[in-house]
Amino acid sequence: MFGLMMDLPLLVTRIMRHAERNHPRQEVVAITADMPSFRYTYADCFARVRKLANALDALGTPADARVGTLAWNDHRHLELYFAIACSGRVCHTINPRLFDEQLLYIINHAEDEWLFVDPAFVPKLEELSSQCPKVKGYIVLTDAAHMPNTTLPNAMCYEELLAPHATTYEWPALDERTACGLCYTSGTTGNPKGVLYNHRSTMLLAYAQAMPDVSNLSARDCVMPIVPMFHVNAWAYPFAVTNVGGKLVFPGQRLGDAAQLTRLVNEEGVTVTAAVPTVALAILNHAREPGRTLAPLKRFAIGGSACPLTVIEEFRDRHGVEVLHAWGMTEMSPLGTLNQHTMLTAKYEGERLREHLQSAGRAIPGVELKITDDDDKELPWDGKAFGSLKVRGLWVCRDYYKLEGSGGSHADGWFTTGDVASIDEHGFMRITDRAKDVIKSGGEWISSIDLENAAVAHPMVAEAAVIGVTHPTWQERPLLVIVPERGMQPTREELLAWFEGKVAKWWIPDDVVFVENLPHTATGKISKLELRKRLQDYRFPSA
Ligand code: ADP
């Protein structure tokens, strides 16, 4: 027997309607190149979203068309998120930091019809546009006064595109499984793969993201997503915050500018923010100067790579900010787990607490986890056994775009994340490593993440990476690569001695290499692939 409840589809359109109706005066603040301090309300925003939907119709954009964005975190990008999705098209957010070949690959693979681009990316697209035959034209995200002179074919100015259109629009009644967003994985090996989000998954995650044990969002929160809007919908914050009627602050282009981010926290009263560990660390460094505070800030979601314990503790002890250590991936929209205390763990103290804080947390309701061994047998949740981490859930991808049915990482209804993890009896998951980064020494595994976390806690270390290097006896041994703090010259011996008592003796790296910088991926993570290439001729002195 079916229940007798209304059968309303889960559409992102509902989020927009609710926010406009119930929070019309709530503010959205943004920094753009043409408007250094822009501010409007949800009512203004969604009136413009309807203009934009009319403009997309007038451009002759069919249903299901992929509409690409190369844009920073600002209000126009928010308008694009809603107008493209709610009018039945697919908002394809493109990471502008990708290499040219990858940009071309994904624009052509997605068959984007129109590209909405920040003025900063116009020169790059001028170089590439002749190789993007499917793109019908380029809309530059600016006003007439700031419109650059460009050789881009069919170039238009965003504000002029919107201007003539009505603020009324009849939103289509879509099936909730209709695609609404597209984001490609960074593709460290092989071509990037497209993850195609739908209204249902996006809507469900918007609810989950706001739950108290997740980001704990309400209409009284002011949220600044620092994580780029071109990357997995800025971890769902734009949808989740709109859904609860919170204030949104968009920091624009300078997403790594700690001084500007700190200013926004204080001036706008930001209570919640989200970024990768490197940006969080930059904010901490900036805030160490006397007289600087992050007073309004309450919660900082940090994920994308393992967050060092020192970062979590400094935010807590110096600024009263609770770090929400999160784990996920593009294929999971991207939220998988998040670390918030339970009644039990809130009582932990000392070493037990420090251990616990390094966990990436429990599965967010809607996501299931399991760990398996090499024979695909499930491993116990005892906090010790570690194996291949698999997930399934309400916002986890089933197949990649245009690779449907290829199986691979999606066989048997579970998605193989490529991460190695342990899970304790209370469901707290700890990432040991990326499967391809884990160091195999004499048949045992060493976690590069744990060694890196220990290394960055050293006062003379600015950034650290650990990679496995071939060893004649042990198969692989860990090599520590560090960027010293400016003006500091730690020695190899004192760095290696630092690990004593912090990790098992046989985990201690065999050698240290000092570098001026580490290579990063387009999403700001240390690129181990590139680092291994740089150090391919390295051999251990003992070997
Ligand atoms: P994103 O760029 O949003 O992190 P990707 O799909 O590019 O998404 O990368 C996902 C991978 O990043 C995960 O599979 C995992 O290896 C790593 N990762 C994400 N969060 C964490 C975390 N908290 N701790 C350790 N690794 C993490």
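Reader: Let's start with the open sheet of nine strands. What order do the strands have?
Author: This is a predicted model. In it, the nine strands run S2-S1-S11-S10-S12-S13-S14-S15-S16. The pairing is mixed.

Reader: Which strands stand at the edges there?
Author: Strand S2, residues 38-41, and strand S16, residues 362-363. Each has a single partner strand, so one side of each is left without a neighbour in the sheet.

Reader: Take S10 and S12. Do they run parallel or antiparallel, and how many bridges join them?
Author: Parallel, with three bridges. S10 covers residues 222-225 and S12 covers residues 272-275.

Reader: And what is the bridge partner of valine 223 in S12?
Author: Valine 272.

Reader: On to the ligand. How many residues surround it, and which are the closest?
Author: The ligand has 17 residues around it. The closest are His231, Ala326, Asp419, Arg434 and Lys525.

Reader: What is the make-up of that shell by class?
Author: Five residues are nonpolar, eight are polar and four are charged.

Reader: Which strands each supply at least two residues of the shell?
Author: Strand S14, residues 322-328, and strand S20, residues 429-434. S14 gives the most, with four residues. S14 also belongs to the nine-stranded sheet we began with.

Reader: Polar contacts next. What lies 2.6 Å from an oxygen atom of the ligand?
Author: A polar side-chain atom of aspartate 419. Lysine 525 also has a side-chain N or O atom 2.7 Å from a ligand oxygen. Glycine 304 uses its backbone instead: an N or O atom there is 3.1 Å from a ligand nitrogen.

Reader: How much of the ligand's exposed area does the protein bury?
Author: The protein buries 91% of it. Taken alone, the ligand exposes 550 Å².

Reader: Back to S20. Which open sheet has it, and in what order?
Author: A sheet of four strands, ordered S17-S18-S19-S20. The pairing is antiparallel. S17, residues 367-372, and S20 are the edge strands. Each has a single partner, so one side of each lacks a neighbour in the sheet.

Reader: By how much are neighbouring strands of this sheet turned against each other?
Author: By 45° on average, with direction ignored.

Reader: How many bridges join S17 to S18?
Author: Six, with the two strands antiparallel. S18 spans residues 386-393. One pairing puts lysine 370 opposite lysine 390 in S18 as bridge partners.

Reader: Switching to charges. How many salt bridges does a search of the whole structure find?
Author: The count is 34. Among them is aspartate 57 with arginine 89, whose closest N and O atoms are 2.7 Å apart.

Reader: Where do aspartate 57 and arginine 89 lie?
Author: Aspartate 57 is in helix H2, residues 42-58. Arginine 89 is in the loop between helix H3 (75-86) and strand S4 (90-93). So the pair ties together parts that are 32 residues apart in sequence.

Reader: Backbone oddities, then. Is the peptide bond from serine 333 to proline 334 cis or trans?
Author: Cis, with omega near -5°. Proline 334 sits in the loop between S14 and strand S15, residues 335-339.

Reader: And what is phi of aspartate 64?
Author: Near 75°, a positive value in a residue other than glycine. Aspartate 64 lies in the loop between H2 and strand S3, residues 66-70.

Reader: Why flag those two?
Author: Because most residues other than glycine have a negative phi, and most peptide bonds are trans.

Note on methods: Residues numbered from 1 in each chain as written. Predicted model: local features only at pLDDT ≥ 70, side-chain atom pairs only at ≥ 80, totals over all residues. Heavy atoms only, no water. Near = heavy atom within 4 Å. Polar contact = N/O pair within 3.5 Å; in protein donor to acceptor, adjacent residues only side chain to side chain. Areas by Shrake-Rupley, 256 points an atom, 1.4 Å probe, with all protein chains shown as cover. Nonpolar A, V, L, I, M, F, W, Y, C, P; charged D, E, K, R; others polar. Pairing = 2+ DSSP bridges. Axes fitted to C-alpha atoms, helices over the stretch in contact; angles between N-to-C directions. Salt bridge = Lys/Arg side-chain N within 4 Å of Asp/Glu carboxyl O.
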